[in-house]
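Please open the structure in the viewer and keep the selection tool at hand. The tour below proceeds by selections, one stop after another.

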Amino acid sequence: MLPIGDTNDDRVLTPFVNYILIALNIFVFIYYQQMGSDNIFTLGFVTVPEEILTGQDVANGILAVTPIPVHLTLLTSMFMHGSLMHLGGNMLYLWIFGDNLENRMGHLKYLGFYLLCGIIASLCHVFLTAAIGRDLLVPSLGASGAISGVLGGYLLLYPKNKVKVLAFLFVIRVPAFITLGLWIGLQIWDGYNDLSITSGTGVAYAAHIGGFFAGLILVKFFAKAIEIREIRKPFSLFR
C-alpha cells in the first residue's frame with residue numbers, strides 16, 4: 001500500500017517548515033549531489049559509523065575528506081539521498097504526514113522534533129552496526145530516520161485519521177493506525193531478516209525503527225498540552 005494523502009481538516013497553520021525541509025532535500029540532491037553523480041560531495045557529508053564512534057575523519061580512497069566535524073554528519077546526511085527514487089519516496093511521506101505534526105507543534109518545535117528524531121535514528125544505526133560486527137566504514141544517508149520519527153508521532157496523535165493509499169490500482173481510505181502499523185511491522189520484520197545476512201541489504205532498518213520509536217516517545221514533549229492529554233488515553237482508539 002502506497003500512501004498518497006491524508007486528512008487535513010483541522011489544519012490552521014501553513015506548514016512552512018515542512019515545505020522548506022522538502023525543498024532543501026530536493027535542492028541538495030539536484031545542486032550539490034548533482035542528481036547523485038557527485039560522489040566526492042556526497043561521501044564527504046554522509047554518516048560513517050567509524051567516524052561517529054571514534055570522532056576521527058576517515059579518507060581512504062573511497063570515503064572523501066569530511067570538511068566539517070564528523071559528528072555534524074549526523075545532520076548533513078539527513079539532507080542527502082542515494083537516488084531519485086530514494087528521494088521521491090521520502091519526500092512523499094514527509095509531504096503527507098509532516099504538515100499535521102507541524103500544525104500541532106508549531107513551526108520551531110516541529111523542526112526540533114524532526115532533527116532530533118533524525119539524529120537518534122542515525123545513532124541507532126551506528127550503534128547496531130557496531131554491535132553486530134558489520135563494516136563500520138559503510139556510509140549511510142537519507143531523511144528516512146527523521147521521517148520515521150514523523151510517522152511515529154503521527155501515529156500517536158492521529159491514529160484514526162484516514163490515509164488515502166494506492167492498493168492494487170485502487171485508492172482506498174485506511175485508518176492511520178493500520179497504515180503506519182503495517183509500515184513499522186514491515187520494518188521490524190525486514191530488519192530482523194537483515195540481521196541474518198552477513199553483509200546486510202544496504203537498508204538502514206535500525207534507523208527506521210529507531211526513528212519511529214523516538215517519534216512515539218518524543219511527540220508528547222513537543223505537542224501542545226491539549227494533545228498530551230489526548231494521547232494519555234491509550235485505549236480511545238478502540239472505543
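Begin by selecting Gln 33, which is buried because its relative accessible area is 1%, under the 20% limit for that class. The model on display is a predicted one. Gln 33 belongs to the loop between α1 (16-32) and α2 (39-45). Which residues does Gln 33 touch, not counting residues up to four places away in sequence? Show Val 28, Asp 38, Phe 41, Thr 42, Phe 79, Met 80, His 81 and Leu 141 to see these contacts.

Next, select the strands β1, β2 and β3. In that order they form an open sheet of three strands, and the pairing is antiparallel. β1 (2-6) and β3 stand at the edges with a single partner strand each, so one side of each has no neighbour in the sheet. From one strand to the next, the twist averages 35°.

Now restrict the selection to β1 and β2, the latter covering residues 162-167. How many bridges join β1 to β2? There are four, and the two strands run antiparallel. To inspect one position, select Gly 5 and look opposite, where Lys 164 in β2 is found.

Add the helices that accompany the sheet. Helix α5, residues 84-105, lies across β1 and β2 and runs at about 35° to β1. Helix α8 also packs on the sheet, where it touches β1, β2 and β3. The direction of α8 makes about 95° with that of β3.

Remain on α8 and select Gln 187, which is located in this helix. Is Gln 187 buried or exposed? Gln 187 counts as buried, because its relative accessibility is 8%. Leaving aside residues up to four places away in sequence, Gln 187 touches Tyr 205, His 208 and Ile 209.

For the last stop, turn to the surface and select Met 1, Phe 168, Leu 169, Phe 170, Ile 172, Phe 177, Ile 178 and Leu 182. Together these residues form a nonpolar patch with about 930 Å² of accessible area. Both β3 (170-175) and α8 (176-195) supply at least two residues each to the patch. The element that gives the most is α8, with three residues.

Within the patch, centre the view on Phe 170, which is placed in strand β3. Phe 170 counts as exposed because its relative accessibility is 59%, over the 50% limit for that class.

Key: Residues are numbered from 1 along each chain as its sequence is written. This is a predicted model: local features need pLDDT of at least 70, side-chain atom pairs count only at pLDDT 80 or more; totals for chains, interfaces and linings use all residues. Side-chain values use heavy atoms; hydrogens and water are left out. Patches are made of residues with over 30% relative accessible area and no salt bridge: like charges are joined within 9 Å, nonpolar side chains (Val, Leu, Ile, Met, Phe, Trp, Tyr) within 5 Å. Accessible areas come from the Shrake-Rupley method with a 1.4 Å probe; for residues, only the protein chains shown count as cover. A salt bridge is a side-chain nitrogen of Lys or Arg within 4 Å of a carboxyl oxygen of Asp or Glu. Buried means under 20% relative accessible area, exposed over 50%, partly exposed in between (1.4 Å probe, protein chains only). Two strands pair if DSSP finds at least two bridges between them. Axes are lines fitted to C-alpha atoms, for helices over the stretch in contact, and angles run from 0 to 180 degrees between N-to-C directions. Contact means heavy atoms within 4.5 Å.
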